[in-house]
Amino acid sequence: MPKNKNIKKRGGGRAQEGATQLQPRQRNEEDDESLVDQWSTQSVLSDDSSWPGSDPAAGGEESSEDTSQQDLFEDKFTECMDGLLEKSAKPRITALQGIQKALQKKYVAEYLLERKETLSDSLVKCLRKGKGEEQELAAACLSLVAVQLGSEASAMYDSIHPVLTTLMTDNSTHYKARGACAITLATCCFLCSDDLEKAKALTKTLEDMFSLGYGKGENSPSVTPEQSWLMCQALSAWCLLLTISPQYEVQTHINNHLGSLQDLLKNSDVDLRITAGEAIALLYELARDSEEDFEHEDEESLCELLKQLATDSVKHRAKKDRRHQRSCFRDVQRYVVDIESPNEVVKLGKENLLELSSWSQKRQYDSFCHVLMTGTLVHMKVNPILRDMFDLGAPGLDDYSHTKSLSKAQRTFINAAAFKARTKARAKHRDKRAVTVNAY
C-alpha cells in the first residue's frame, strides 16, 4: 500500500510540477485579497463536478447543489467582468486576477461562448490603457479564452492580433507584458488560426526578439536579466509554432537557427539556456522526420557544449539551477547523440496516463502548463481541445481502453505515431502550397 501511494504522488505530481513553474505574483494589499481569496476558498472553483465535462451528479440534492454553485460562479464572473470597466487600475487588476483564476480552474466554454466578444473587448481596453501588470494579466486571460474556445475564438484572435503585436514589439512596454503578449499570440495562433501568412509573420517577429542574444557570451553586459527573460518567452512561443509549421518552413528555420542557438546556451540565465537546449532538440527531431540520418555541420562543438551543460558543476550557479539544467541537458544530449526520445508520463486519473514521447509533444504540453498553471490537470481531464490534441479520448474517460492491455513500449510507440500523423496533417492543412499541388 505505501508503494502505491508513492506512485500516485509521483505520477500525479508531474502535471502539477509543470503547471506551477510560474506562479501568479503574490500581492499583499488587503483590497486585492477580498475577491480573489473568496474564489480560492469557494467550492465553485475547487469542486470539479460543478461544470460540464466533470463527474455527473448522482442524485437530486447534489444536482441542486451544483446548480447553486454554477449560479454563484456566474455571479462572481460577472462581477469580475464589470470590474474591468473601472476607471482605477487597482480594481481592474483584481478583476483580471479573478478572471484568470476562474478560467484556469474551470472548463466553461459553453458559458464563455456567449460572452467572448464582451470579454475580449474589455481585455483589449485593459491592454491599451493599462500598464505593466495589468497588461500582463490581460494578455494571460486572452490566452485562457483561446484554450477554452479553440477555433471558436478565431475572430477574437484576428481583432487582438494587431494590439498584442504592437505591445510585444514596443521597447517602452514592460518586459513582463511583452513576454505575456508573445505567449498569447503563439497560443492563439496555434489554437485559433489557420492563416499561414499570419503565422509566418509572427514567427519572424519572435525570431527577431530572441536572436538579439546571438553572438553574446555568458555574463555579456549588453544582455540584461530582463532581456534574457523576454528572449526566453519569445523562444518558447516560437518553438510552439514550430511544432505545427510546414516542413519547408521547418527546413528554413533549421538552416537559420540551429547553429546560432548555441550562443543562447552560453547565456547566464538558466531558463534561457534550458529553453534553447530544448529548441535545439526540437529542431533535430523535425529535421530527422524528413532526413533520418540528419547531421549538423557544427555538430561536434554542439555535442561538446551539451556535455558540459549536462555535467555543469560551476559553483557560482545556484544548486537548484544546476540540478535542473543537468537533468534537462542529459535528455537533450541523449536525443542529439543517441536519438533517444524523451519519455515522460503524466497521471491524469486513476488509470489515465499522458505519455510525452517526443520533443514536439513536450513543448506543447509545457506551453499549456505555462498558460493554465495549477489548472492544467483540470483541463487535461475535461477540455476536449487538449484531449484531442494529446489523443486522450473523449472527456470523462478515465482509462485507455484501446491501449490498456499493451506494454509501456507499445503504448509509447502508438502515441508517438498518432501524434506525428496529427502534426503532419495539421501542418499540411496550413500549407497553402499543398492546396495548389492537390489542385493539379
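Trainee: What makes up the contacts in the protein chain between residues at least 6 apart in sequence?
Mentor: Of those contacts (heavy atoms within 4.5 Å), 73% join residues at least 24 apart. Keep in mind that this is a predicted model, where local features need pLDDT of at least 70, side-chain atom pairs count only at pLDDT 80 or more, and totals for chains, interfaces and linings use all residues. Residues are numbered from 1 along each chain as its sequence is written, and side-chain values use heavy atoms, with hydrogens and water left out.

Trainee: Why is C192 called buried?
Mentor: Buried means under 20% relative accessible area, exposed over 50%, and partly exposed in between, using a 1.4 Å probe and protein chains only. C192 comes out at 7%, so buried is the right word. C328 gets that label too, because its relative accessibility is 7%.

Trainee: How do you know that C192 has no bond to the closest cysteine sulfur?
Mentor: A disulfide needs two cysteine sulfur atoms within 2.5 Å. The closest one to C192 sits in C188, 5.0 Å away, so that's too far. Searching the whole structure turns up 0 disulfides.

Trainee: What makes the span of helix α15 agree with expectation?
Mentor: Helices are DSSP runs of H or I, at least four residues, numbered from the N terminus. The expected span is 1.5 Å times one less than the number of residues. For the 21 residues of α15 (270-290) that gives 30 Å, and the end C-alpha atoms are 31 Å apart, so the two agree.

Trainee: And why is α15 called largely enclosed?
Mentor: Because 18 of its 21 residues are buried.

Notes:
Helix = DSSP H or I, 4+ residues; strand = E, 2+ residues; numbered from the N terminus.
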